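Dear colleague,

Please find below the structure that I am handing over to you. My notes on what was found in it follow directly after.

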Amino acid sequence: MTDAARPRRRTGRWIAVLLVLAVLLAALVVAAEFIARSVVTGTVRTLVVEKVGLPADQPVDVELAGLVLPQLVSGRLDDVQVASDDVALGPLTGDVRVEMQGVPIDGASAATGGTATVRLDEAQLRELLGRLDGFPADGLTVAAPDVSVSTDISVLGIPIPVGISLTPGAADGQLTLTPSAFRLAGNEVDADTLRSQLGGLADAVLETRSVCIADQLPRALTLTSASAQGSDVVASFAIDGAILNDPAQQENGFCG
């Protein structure tokens, strides 16, 4: 063996060793990332169940965006998504989706902010709107973009069937239902025709109805929009990141 061959062999061995070490290190990093993600998602799920008061076996999906280890080092989670079905959120019961950004690991400071949606099916919407005095929630149906209800208006003792299409929305943090179309005794009519036929009795049909839910939700949640999507109504909220560390934001809001 020549002297020139020995360095080449040694070099080859060192390269092989370095490659093995690199593979092992990569495997350790992957394992650590997997463990960190599992621990963090499990902790978030436990906190959600405890804070919201859900049953211990309630299915709660937690997703974390990006690599978890660098976020743990920085002290904040970039994006956390939590989803669960049939959750009671104040007066609303439906499928809840929450997304928060800049969530502090220690919980001692505010998150950057977040959003939430609550999807209500027809039965859940009937339960909510049934709390409105005089609102005919029993026959409510949802077909995007409107919610439809029917009622009878008594004229000289004779019940006249009236159908109303209502468009969901939000104003000043309240859920609104704005009349968009009418049916009088089965015939499509406009608002002017309805008023000419029913006089002042049409006022209750023509007005926009509002449902305040702020007094039953944390102050940090503000209703920003509502819309009919398919056969459901989806309510969207903005979330103040201070809900994580400010007791005042965790208390219920109020209806002005």
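**The disulfide and its surroundings**

Cys255 is partly exposed, with a relative accessibility of 35%. Please bear in mind throughout that this is a predicted model. Cys255 is joined to Cys212 by a disulfide, with an S to S distance of 1.8 Å. The count of disulfides in the structure comes to one. The bond brings together distant parts of the chain, 43 residues apart: Cys212 belongs to the loop between β10 (209-211) and β11, while Cys255 lies in the segment after α6 (247-250). The torsion about the S-S bond of Cys212 and Cys255 is about -95°, so the disulfide is left-handed. Cys212, like its partner, counts as partly exposed, in its case at 23% relative accessibility.

**Pockets**

The largest pocket holds about 1200 Å³ of space. It is lined by 36 residues, and the closest to its centre are Leu47, Val48, Lys51, Val52 and Leu244. Three elements give two or more residues each to this lining, namely α1 (5-52), β2 (76-89) and β3 (92-104). The greatest contribution to the lining of the largest pocket is that of β2, with eight residues. Sorted by class, the lining of the largest pocket comprises 27 nonpolar, seven polar and two charged residues.

The second largest pocket has a volume of about 230 Å³. Of its 17 lining residues, Gly173, Ala214, Leu221, Thr222 and Phe254 are the closest to its centre. Strand β11 (residues 221-229) provides the largest share of the lining of the second largest pocket, with three residues. In terms of class, the lining of the second largest pocket consists of 10 nonpolar, five polar and two charged residues.

**An enclosed cavity**

The structure also holds one cavity of 30 Å³ or more. The volume of the largest cavity is about 50 Å³. Which residues line the largest cavity? The lining is made up of Leu92, Leu120, Leu128, Leu175, Ile213, Leu223, Ala226, Val233 and Ala235. By class, the lining of the largest cavity has nine nonpolar residues, no polar residues and no charged residues. Strands β11 and β12 (232-239) each supply at least two residues of the lining of the largest cavity.

**Helix α3**

Leu128, named above in the cavity lining, is also one of the buried residues of helix α3 (residues 122-129), together with Gln124, Leu125 and Leu129. These buried residues lie on the same side of α3, because they cover an arc of only 125° around the axis. The N-terminal end of α3 is capped by Asp121, which has a side-chain oxygen 3.2 Å from the backbone nitrogen of Ala123.

**Features of the backbone**

Several residues deserve a note for their backbone geometry or placement.

- Ala144 and Pro145 are joined by a cis peptide bond, with omega at about 10°. Pro145 is placed in the loop between β5 (141-143) and β6 (146-155).
- Asp86 has a positive phi of about 55°, although it is not a glycine. Asp86 is part of strand β2, the element that gives the most residues to the lining of the largest pocket. Is Asp86 buried or exposed? Asp86 is exposed, with a relative accessible area of 55%.
- Ala185, also a residue other than glycine, has a positive phi near 55°. Ala185 sits in the loop between β8 (174-184) and β9 (187-189). With a relative accessibility of 48%, Ala185 counts as partly exposed.
- Gly163 is located in strand β7 (residues 158-171). Gly163 counts as buried, at 6% relative accessibility. Its C-alpha atom is separated by 4.3 Å from that of Ser150, although Gly163 and Ser150 are 13 residues apart along the chain.

**Where to begin**

For a first look at the structure, you might start with the largest pocket, around Leu47, Val48, Lys51, Val52 and Leu244. The disulfide between Cys212 and Cys255 could come next, followed by the cavity lined by residues including Leu128 and Leu223.

With kind regards

Technical notes. Residues numbered from 1 in each chain as written. Predicted model: local features only at pLDDT ≥ 70, side-chain atom pairs only at ≥ 80, totals over all residues. Heavy atoms only, no water. 1 Å grid on protein atoms, 1.4 Å probe; cavity = no way out; pocket = protein on both sides within 12 Å on 5 of 7 lines; lining within 4 Å. Points joined across faces, edges and corners; volume = space filled by probe spheres on them. Helix = DSSP H or I, 4+ residues; strand = E, 2+ residues; numbered from the N terminus. Nonpolar A, V, L, I, M, F, W, Y, C, P; charged D, E, K, R; others polar. Buried < 20%, exposed > 50% of the residue type's maximum accessible area, 1.4 Å probe, protein only. Arc of directions from axis to C-beta. Polar contact = N/O pair within 3.5 Å; in protein donor to acceptor, adjacent residues only side chain to side chain. Disulfide = S-S within 2.5 Å.
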